[in-house]
Amino acid sequence: VPIDLLVRNASEVVTVAGGSRAPLRGAAMRDLQRIDNGAVAIKDGKIAAVGRRAEIEAEVAPSPETTIVDAGGGIVVPGLIEPHTHLLFAGSRVDEFHMRVAGAGYLEIAARGGGIARTVAATRSLSAGDLAAIGRRHLDLVLGQGTTTVEIKSGYGLSTDAELAQLRVLRRLSEECPNTIVATFLGAHAIPPEFRGRRQDYVDLVADEMVPAVARERLAEFCDVFCEEGAFTVEESRRILAGAARHGLAAKVHADELSLSGGARLASEIGACSADHLNFTSPGEASSLVARGTIAVLLPATPFFLLAPRYADGRGLIDLGVPVALATDFNPTSSISSMLFVMFLACLHMRFDPSEALAAATINAAHAIRRADRAGSIEPGKLADLLVLAVASHREIPFYVGRNIVRTVIKSGKVVAGPPDPRG
Ligand code: FE
């Protein structure tokens, strides 16, 4: 069989296979499938074969046109899957970071003009072309960090026109950029300033006008709601998500991030695809996620960066059998965009085992955005999205925090970061 690209000389290929139909849970998150001295053959942007180097080289025929990627004794893992970002935004909030490290609290920063409203104003004021340019930069950044599939939420428009405009930019980016992009509508991110004192009107606008408009243009697959005190109540969230489901948008919930808001309970009641954050979720509510197959998406970079160090009980969730994924929450107040760094935080602050962290950043993250049928593991027929990392074992990944261990990024069968090694 002639092939387009061959990755060889890997100390191990961690395929993370076996979780495409259902996410990995419990002990299965620790017991990842891998192949010592492995190789991966790629044809037409898909994985053609994966196995031991001798087997693969006997089976496939590199031609003079075949690109050879020498892993140099490093490891090969699936391209990382990022299931929760807000990376399409304008303006900088670095000054809020300066205030925070100087000791200012959330309310003080808000009183001085910080918060989501500021990003909304900056984002609304940009042309589609200028916003797309920012999006392209952020997508390049995360691709170089090994993220080949990325979920991106709207939520910095908060009017029908501005939300649609952001989602149209995402559609344009998904046509132009190599990254796989999954779009989520987050009109229920905050009550915009012009609706202050009229929150019910805004909830009606999201549910009755924005959701149908997003669905009509097929601009998003998911609808998310910031269910939190000061944002949207459980009942408002339920109303928006139920309407979205009728329009074919699957549910996600920002749940229990800053308090026990009831978001996780709502997610399990409505059978949401994912419940995200869960910093304050009780074990009882967490176990209700198991029955509905809702993925717990944990975001340790947010409490880390915001100096609000209450982390989700990742260890407890995994031990309860909840399928757990990781994400960055990359947004204007938290600049962490690296899934590898998030894997380190999950080990350090949530007591993940390194193998669990990799499962959570690949196949389980793919389930959180309904891409596990085509991404998240190295298996024949899936997208040829994979990384060469300069470590000897996947168990070393979180240890080398702060070093760039990403040697090569392959997206849909093409080397997009790091040079392919010269032939031989
Ligand atoms: Fe978020």
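**Close-up views of a predicted model**

**View 1. Glutamate 379 and the residues it touches.** Leaving aside residues up to four places away in sequence, glutamate 379 is in contact with Ala17, Gly18, Ser20 and Ile47. Keep in mind as you look around that this is a predicted model. Where along the chain does glutamate 379 sit? Look in the loop between helix H15 (363–368) and strand E14 (386–389). To get a feel for distance, pick out phenylalanine 344 as well: 35 residues separate glutamate 379 from phenylalanine 344 in sequence, and their C-alpha atoms are 26 Å apart in space.

**View 2. Glycine 115 in its loop.** Here the loop to find is the one between H3 and H4, which holds glycine 115. Which residues does glycine 115 touch, not counting residues up to four places away in sequence? They are Arg93 and Glu96. Now add proline 332 to the view. Glycine 115 and proline 332 are 217 residues apart in sequence, yet from C-alpha to C-alpha they are 9.3 Å apart in space.

**View 3. The largest pocket.** Glycine 115 comes back in this view, as one of the residues closest to the centre of the largest pocket. This pocket has a volume of about 1200 Å³. It is lined by 46 residues, and those closest to the centre are Tyr106, Gly115, Ile116, Phe226 and Leu258. Four helices each give two or more residues to the lining: H2 (94–101), H3 (106–111), H4 (116–124) and H11 (301–305). Which helix gives the most to the lining of the largest pocket? That is H3, with four residues. Sorted by class, the lining of the largest pocket has 23 nonpolar, 14 polar and nine charged residues.

**View 4. The second largest pocket.** Proline 332, the partner of glycine 115 in the distance given earlier, turns up again here. The second largest pocket has a volume of about 250 Å³. Its lining is made of 17 residues, with Phe89, Ser92, Arg93, Pro332 and Ser335 closest to the centre. Arg93 is also one of the residues that glycine 115 touches. The elements giving two or more residues to this lining are H2 and helix H5 (128–144). H5 supplies the largest share, three residues. By class, the lining of the second largest pocket has eight nonpolar, seven polar and two charged residues.

**View 5. A cavity inside the structure.** How many cavities of 30 Å³ or more does the structure hold? There is one. The largest cavity has a volume of about 40 Å³. You can trace its lining through Pro78, Gly79, Ile81, Thr148, Thr149, Ala375, Gly376, Ser377, Leu383 and Asp385. Four of these lining residues are nonpolar, five are polar and one is charged.

**View 6. Helices H9 and H10 side by side.** The axes of H9 (residues 263–270) and H10 (residues 283–292) come within 8 Å and cross at roughly 20°. Why is this pair called roughly parallel? The crossing angle of roughly 20° makes H9 roughly parallel to H10, because angles under 35 degrees count as roughly parallel. H9 passes H10 in a left-handed crossing. From H9, the residues in contact are Ala264, Arg265, Ala267, Ser268, Glu269 and Ile270, and they meet Glu285, Ser288, Leu289 and Arg292 of H10. This contact has four nonpolar, two polar and four charged residues.

**View 7. Helices H6 and H7.** H6 (residues 160–176) and H7 (residues 199–216) pack at an angle of about 35°, and their axes are 10 Å apart. Is the crossing of H6 and H7 left-handed or right-handed? H6 passes H7 in a right-handed crossing. Thr160, Glu163, Leu164 and Leu167 are the contact residues of H6, while H7 brings Leu205, Glu209, Met210, Ala213 and Val214. Sorted by class, the contact of H6 with H7 has six nonpolar, one polar and two charged residues.

**View 8. Helices H13 and H14.** In this last view, the axes of H13 (residues 339–350) and H14 (residues 354–361) come within 9 Å and cross at roughly 135°. That angle makes H13 oblique to H14. H13 passes H14 in a right-handed crossing. Met339, Met343 and Cys347 of H13 meet Pro354, Ala357, Leu358 and Ala361 of H14. The contact of H13 with H14 has seven nonpolar residues, no polar ones and no charged ones.

Methods:
Residues are numbered from 1 along each chain as its sequence is written. This is a predicted model: local features need pLDDT of at least 70, side-chain atom pairs count only at pLDDT 80 or more; totals for chains, interfaces and linings use all residues. Side-chain values use heavy atoms; hydrogens and water are left out. Axes are lines fitted to C-alpha atoms, for helices over the stretch in contact, and angles run from 0 to 180 degrees between N-to-C directions. Angles under 35 degrees count as roughly parallel, over 145 as roughly antiparallel, 65 to 115 as roughly perpendicular and the rest as oblique. A crossing is left-handed if the near helix is turned anticlockwise from the far one by less than a right angle, and right-handed if clockwise. Contact means heavy atoms within 4.5 Å. Ala, Val, Leu, Ile, Met, Phe, Trp, Tyr, Cys and Pro count as nonpolar, Asp, Glu, Lys and Arg as charged, and the others, Gly among them, as polar. On a 1 Å grid over the protein atoms alone, a cavity is a set of points where a 1.4 Å probe fits but cannot get out, and a pocket is an open set with protein on both sides within 12 Å along at least five of seven lines; lining residues have an atom within 4 Å of a point. Grid points are joined across faces, edges and corners, and a volume is the space filled by probe spheres set on the points.
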